[in-house]
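Subject: Handover of a structure, with notes

Dear colleague,

I am passing on the structure below, together with the notes I made while going through it. Please read the notes with the coordinates open beside them.

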Amino acid sequence: MRTHGTLRLATRGSALARRQASLVKEALEDHRYEVELVTVETTGDQIRDELIHRLGKTGAFVRELDERVLEEDLDGAVHSMKDMPTEQPEELVTAAVPERGEPGDALVTPDGATLEELPAGATVGTSSLRRRAQLLSERDDLAVEPLRGNVDTRLEKLLAPALQDEHQERTEADKERKGNTGNDDFEPEYDRTTDEWFDDLSELEKGALGREIETSYDAIVLAQAGLERSGLAHYVDYQELPTSTFVPAPGQGALAVTARDGETARDIQTAIDYPRSRVETTVERTILAELGGGCIAPIGIYALVQGEHVHATVSVFDRDGEESVAASRDLPVETHAEAAREFARDLADRGAAELIEGARDDAESDDDGVSEEDKPEGK
């Protein structure tokens, strides 16, 4: 319910989620709204060490937020659109889709290497079935390993091995420096002491130094929008992966504000909805809903408004990236939702439905075969 004219919006508690919710808050405040952000913990946040595709039903990162809205405890909720299930309760609407951020993926490496420059057998981290399939489709010689955590956690996991090795080398060099005090012929390996080197590290790098290493990653893949919104993009080297081959997840880079259908939803829409982003994400989510892949199949869907048409690109893979069904089509803006459904039906007939069904069977096998050591600690 509204309290003294203040819009109370739910957000997840991660640093990135709160940054994204703050973007919505600022946009609404520009339209003279008072906004309060309320942190709500979700199922997806509670299960920290499990792969996203094993979290059960879709919506692991949004359900609890929307429940607070449906109970009229809060006015709305801010979501990453790619986390949202395609089906919503009747009384809940997507009140606004603000202007979308970068939709694509970024390959992050410690040394700035590109995907093409990674050595054979390099280990790449990702929690996404789609990214795994697309990586293996481009480079079947890579070892793609699971990676979970917030953006800063994932970056720390990538940077930790090299930084910890350098710290060890510098520590040994400090000992040698001290052992040669007074020796005018001694030339130290490093100009600065370990403490001086440490003081110049970023908070991200300092976090990586203290992280326990389970897997040494040569690269990781993240959503570019998340990397940029986290404020960490300028601390790392990354390659923007082309959306033509690394077709993004539906809704990637977009935010959504959900609310109960009614005056509040209409007010939010009038204030901050960006029609072009709404059309693009509607096409993407309509195709996903029609295909029925959810979070169990490697599916990339990307739509871009171009004049009177929406250029839609879809790629559906098997889990190992060996088989795929891919196509692009220009859809009329005026009938974009129905045209998207027709496009999806054509893709299903061309073999996409078979790939998705195979992925569903694989997912059920995974669930049946999860060992105790694979389950989240304490769950």
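How many bridges join E11 to E12, and do these strands run parallel or antiparallel? There are 8 bridges between E11 and E12, and the two strands run antiparallel. Please keep in mind throughout that this is a predicted model.

The overall picture

The protein has 11 helices and 13 strands, and of its 379 residues 50% count as buried. Among the contacts between residues at least 6 apart in sequence, 70% join residues that are at least 24 apart.

The hairpin and the largest core

To return to the pair in the opening question, E11 and E12 form a hairpin with 2 residues between them, and Gly307, which sits in the turn, has a positive phi of about 65°. Within this pairing, Gly300 stands opposite Ser315 in E12. Strand E11 is largely enclosed by the rest of the structure, because 6 of its 8 residues are buried.

The largest nonpolar core holds 28 residues, and those that touch the most other members are Val283, Ile287, Leu291, Val314, Val316, Phe343 and Leu347. At least two residues of this core are supplied by each of helix H10 (275-291), strand E11 (299-306), strand E12 (309-317), strand E13 (324-332) and helix H11 (336-368). The largest share, 10 residues, comes from H11. As background, nonpolar side chains in soluble globular proteins tend to be buried together.

Val283 is a useful residue from which to look around this region: leaving aside its neighbours within four places in sequence, Val283 is in contact with Ala303, Val310, Ala312, Leu331, His336 and Ala340.

A second core and Leu222

Apart from the largest core lies another one, of 21 residues, among them Leu222, Leu227, Leu232 and Ala233. Leu222 is placed in strand E8 (residues 219-223), and because its relative accessible area is 4%, under the 20% limit, Leu222 counts as buried. Which residues does Leu222 contact, once its neighbours within four places in sequence are left aside? The contacts are Gly104, Asp105, Ala106, Val108, Arg131, Val151, Arg154, Leu155 and Leu227. For one of these contacts, Gly104, the separation from Leu222 is 118 residues in sequence, while the C-alpha atoms of the two are 8.8 Å apart in space.

Strand E1 and its partner

Strand E1 (residues 6-11) pairs with strand E2 (residues 34-39) in the parallel sense, over 6 bridges, and Thr39 in E2 is the bridge partner of Thr11. E1 is mostly covered, with 6 of its 6 residues buried. Both of its faces are covered, with Thr6, Arg8 and Ala10 buried on one side and Leu7, Leu9 and Thr11 buried on the other.

Thr6 lies in this strand and has a relative accessibility of 15%, so it counts as buried, the limit being under 20%. Not counting residues up to four places away in sequence, Thr6 touches Glu34, Val35, Glu36 and Asp75. With Glu34 there is also a polar contact, side chain to side chain, at 3.3 Å.

Helix H5

Does the length of H5 agree or disagree with what is expected of a helix? At 1.5 Å a residue, the 29 residues of H5 (residues 151-179) should span 42 Å, and because the end C-alpha atoms are 41 Å apart, the two values agree. The agreement should be read alongside a bend of about 45° at Ala160 in H5, which a proline, Pro161, follows within four residues.

Two backbone angles to check

Two loop residues may deserve a look. Arg32 has a positive phi of about 70° although it is not a glycine; its place is in the loop between helix H1 (15-29) and E2, and Arg32 is exposed, with a relative accessible area of 80%. Glu72, likewise a residue other than glycine, has a positive phi near 65°. Glu72 is found in the loop between helix H3 (63-70) and strand E3 (76-80), and at 43% relative accessibility it counts as partly exposed.

With best regards

Technical notes: Residues are numbered from 1 along each chain as its sequence is written. Side-chain values use heavy atoms; hydrogens and water are left out. The expected span of a helix is 1.5 Å times one less than its number of residues. The bend at a residue is the angle between axes fitted to the seven residues ending there and the seven starting there. Buried means under 20% relative accessible area, exposed over 50%, partly exposed in between (1.4 Å probe, protein chains only). A polar contact is a pair of N or O atoms within 3.5 Å; within protein, one must be able to donate a hydrogen and the other to accept it, and residues adjacent in sequence count only if both atoms are side-chain atoms. Contact means heavy atoms within 4.5 Å. A nonpolar core is a set of buried Ala, Val, Leu, Ile, Met, Phe, Trp, Tyr and Cys residues joined through side-chain atoms within 4.5 Å. Two strands pair if DSSP finds at least two bridges between them.
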